[in-house]
Protein chains: 2
Amino acid sequence: MSLHPVTVSESKDTTFIEHLAVLGVGLIGGSLAASLKKRDCVKHVSGYGRSQANLTLASRLGLIDKVSNSVEEAVRGADVVLIASPIGAIGELLDEIRQHAPKKAIVTDVGSAKAGVIAIAESALGDRFPLFVPGHPVAGSERSGASAADPELFVDHWAVLTPLNETDPDALRIVRRMWEAAGAKVKMMTPEAHDRLLAMISHLPHATAYGLTMQLARQDGRDDLFDLAAGGFLDITRIASSDPVMWRDIFIDNRDEVLSLIAEHKNVLSELEALIETRDLAGLEGWCAEAKRIRDRLAKHVSDQEL
Amino acid sequence: MSLHPVTVSESKDTTFIEHLAVLGVGLIGGSLAASLKKRDCVKHVSGYGRSQANLTLASRLGLIDKVSNSVEEAVRGADVVLIASPIGAIGELLDEIRQHAPKKAIVTDVGSAKAGVIAIAESALGDRFPLFVPGHPVAGSERSGASAADPELFVDHWAVLTPLNETDPDALRIVRRMWEAAGAKVKMMTPEAHDRLLAMISHLPHATAYGLTMQLARQDGRDDLFDLAAGGFLDITRIASSDPVMWRDIFIDNRDEVLSLIAEHKNVLSELEALIETRDLAGLEGWCAEAKRIRDRLAKHVSDQEL
């Protein structure tokens, strides 16, 4: 947890959203709703999702004010609609939003890949597309569902927004304010830069963690493996415990970048293989030292940011 | 840190080693020396290593009783000689041990790969080989050097011993007692099983962490990458901050298993690529779900062990 106090700055005493509709009240949707409610930024939160049990829990936990039985019911009268479902469900949700949300409703999402979502939103929302603000809070955990929601989840984490030329400046301002109110730092970039970057820092590492875990299961001597994997291996593969449906969708939605980086990763491993194969001691030491230098610099960058 | 009290059991009040010589007073050698001294298991610890500054620090921290200026000086009169240097230095050290240590001295090591070390020891130690007990404490950290030593490092971690048919039972008993006194749980296995297992749970993950880090450095948009890598990426690549010389030696020493598992890992990643490439939603979800099931079972195994 962060040592810093929550930054609520300009939004401290102001309710700036009358009615927030959250579609998908899981870790991210539930945490943002809880965060905005806790900071008095929103008057009313309606929630809709596929699992009635999860919605009931979200309501009992106070993440949302009202359980809605349909998208139509959830978005009726909403000022801001937050789509926090797995990416695969977004097209259908956007269709319903276009039909049932107020004309002036701002729509935003939290998907881990942006180019695909933007293409879907452009076609689904039509002339409402300028009020769609593509977003992605780079925070999370391997846990999922309303039970994992935490109003402090976004504090001191980055939220990336990838607005387009046609994005309405006021819509962008409100969505930015929403993430800042939740304690996040906001960064703008193009959808393409976002997708490449996230593939590198998150999607590829998930692929390698899944891969390491699958590979472990195929080895002989399971008991000894499980005993000894207690240390580092368990840490390294933590993200392989993430939600499979969410990751299926992310891998597909950011398909080109993910495939490009997995191929690149195999090539990097081939460099290492060649150094080991040829017993190139100097080359191997240099390669490991270069990786250490980069990792140490990254760690320093992070600790400098936290000062 | 562990919640368990240190288990010193039978060795509580007993000094069972008169003189321990530690060759390489880094994280592992320094921690074991400190642990045995703290628990009154050893009367005198001499230490030798390449870096005078590190040895001086080890002495000032009380990890060792005496800084020796040569291997000869360190092992003279020793009952147990612990080799805790990078694997690459072991051959030379064993030569000196054969020449200068008492005939009855037990020799043990902490190398992360066993088959290679055993072959070197067999040829270097000659008729003293039965007193060599190959060992490997599966504990560590990305930190290195005497400054990182911790007498509690091994508590509740596994120490693997890979004795051979010709290994002297009394030597094995003393080395086992030494690790148990330091709080470790001891497991016996063949050198081959150890090397395959460690390649899977440690050496391959190091390769992927190094690979991810090298790959990060080659992407465009360094500032944004470093900002956003603050979360999961930093955790996943933690082990890429490990000592490059140590890892150069491990990769070379466990060359066959490491190469075999890197090749296997690339094949596993190719399975994932094919599922993404063909947009096989069901297959992809099943693959991620299977990995999650294994990782969750591993996490449960670990938490059951800790009860």
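Is the crossing of helix 11 of chain A and helix 7 of chain B left-handed or right-handed? In this predicted model, that crossing is right-handed.

Let's stay with this pair for a moment. Two packed helices are described by the angle between their axes and the distance between the axes. Here the axes of helix 11 of chain A and helix 7 (residues 191-217) of chain B come within 9 Å, and they cross at roughly 115 degrees. On the chain A side, helix 11 makes the contact with Glu264(A), His265(A), Val268(A), Leu269(A) and Leu272(A). Helix 7 of chain B answers with Ala207(B), Tyr210(B), Gly211(B), Met214(B) and Gln215(B).

Now zoom out to the two chains. In total, 77 residues of chain A are in contact with 77 residues of chain B. Several helices of chain A give two or more residues to this side, among them helix 8 (222-228), helix 10 (244-253) and helix 12 (281-306). Helix 7 of chain A gives the most, with 17 residues.

Chain A also has a contact within itself. Its domain assignment gives domain 1 (9-189) and domain 2 (194-306). The centres of these two domains of chain A, taken over C-alpha atoms, are 31 Å apart. Each domain puts 15 residues into the contact between them.

So what kinds of residues turn up in each place? Here's the breakdown by class:

| Where | Nonpolar | Polar | Charged |
|---|---|---|---|
| Side of chain A that touches chain B | 47 residues | 15 residues | 15 residues |
| Side of domain 1 of chain A that touches domain 2 of chain A | six residues | seven residues | two residues |
| Contact of helix 11 of chain A with helix 7 of chain B | six residues | three residues | one residue |

Technical notes. Residues numbered from 1 in each chain as written. Chains lettered and ligands numbered in written order. Predicted model: local features only at pLDDT ≥ 70, side-chain atom pairs only at ≥ 80, totals over all residues. Contact = placed C-beta atoms within 7 Å. Helix = DSSP H or I, 4+ residues; strand = E, 2+ residues; numbered from the N terminus. Nonpolar A, V, L, I, M, F, W, Y, C, P; charged D, E, K, R; others polar. Domains from an automatic or database assignment. Axes fitted to C-alpha atoms, helices over the stretch in contact; angles between N-to-C directions. Left-handed = near helix turned anticlockwise from the far one by under 90°.
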